[in-house]
Amino acid sequence: MKKAMAHILCLQEPDIRRRNLISEQEWKSLSAPSLFIGAISDPDEYLETAKVVSKWMPDARYVEMKDVGHWPQFENAAAFNKLNLDFLLGK
């Protein structure tokens, strides 16, 4: 778990974060269907980024989850999994 958390949180390091940023033009060039989940109970830069980036991508879907914060996949796994499965199944 400690190693996994280091991988998950690595983007909090400024140099690593900067190295991994994607430009607006690069986002617009991505054509794969993509799902962005906005955890609206935790309004922060990640929520705003999900809203903006989902508008840039040609085949993106943005959905909101209520009553979850920054990690909806842990806070409400059932709802998170349903959103993801529906997306993957084209619903």
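A residue is taken as buried here when its relative accessible area is under 20%. By that yardstick, 21% of the 91 residues of the protein chain count as buried in this predicted model. The accessible surface of the protein chain adds up to about 6,800 Å², and carbon and sulfur atoms account for 57% of that. Taken along the principal axes, the box filled by the C-alpha atoms is roughly 40 × 35 × 25 Å.

As for the fold, the protein chain has six helices and two strands. Read from the N terminus, the order of these elements is α-α-α-β-α-β-α-α. Contacts also reach well along the sequence: of those in the protein chain between residues at least 6 apart, 67% link residues at least 24 apart.

Helix 6 is worth a closer look. This helix spans residues 77-88, twelve residues in total, and runs 16 Å from its first C-alpha to its last, which is close to the 16 Å expected at 1.5 Å a residue. Its buried residues are Phe80, Asp86 and Phe87. These three sit on the same side of helix 6, because the arc they cover around the axis is only 135 degrees. So what does this buried set pack against? The partners of the buried residues of helix 6 are strand 1 (34-39), strand 2 (60-65) and helix 5 (72-75). Over on the face turned away from the buried side, helix 6 carries Ala78, Lys82 and Leu88, which are exposed. After helix 6 comes Gly90, and its phi is positive, near 75 degrees.

Aromatic rings make up the last part of the picture. Two aromatic pairs turn up in the structure. In one of them, the rings of Trp71 and Phe74, the centres are 5.2 Å apart and the planes meet at 35 degrees, so the pair counts as tilted. That label follows because planes have to be under 30 degrees apart to count as stacked and over 60 to count as edge-to-face. How exposed are the two partners? Trp71 has a relative accessibility of 22% and therefore counts as partly exposed, given that the buried class stops at under 20%. Phe74, on the other hand, has a relative accessible area of 55% and is exposed, since the cut-off for that class is over 50%.

Technical notes
Residues numbered from 1 in each chain as written. Predicted model: local features only at pLDDT ≥ 70, side-chain atom pairs only at ≥ 80, totals over all residues. Heavy atoms only, no water. Phe/Tyr/Trp six-rings, centres within 6.5 Å; stacked < 30°, edge-to-face > 60°. Buried < 20%, exposed > 50% of the residue type's maximum accessible area, 1.4 Å probe, protein only. Helix = DSSP H or I, 4+ residues; strand = E, 2+ residues; numbered from the N terminus. Expected span 1.5 Å × (residues − 1). Arc of directions from axis to C-beta. Contact = heavy atoms within 4.5 Å. Areas by Shrake-Rupley, 256 points an atom, 1.4 Å probe, with all protein chains shown as cover.
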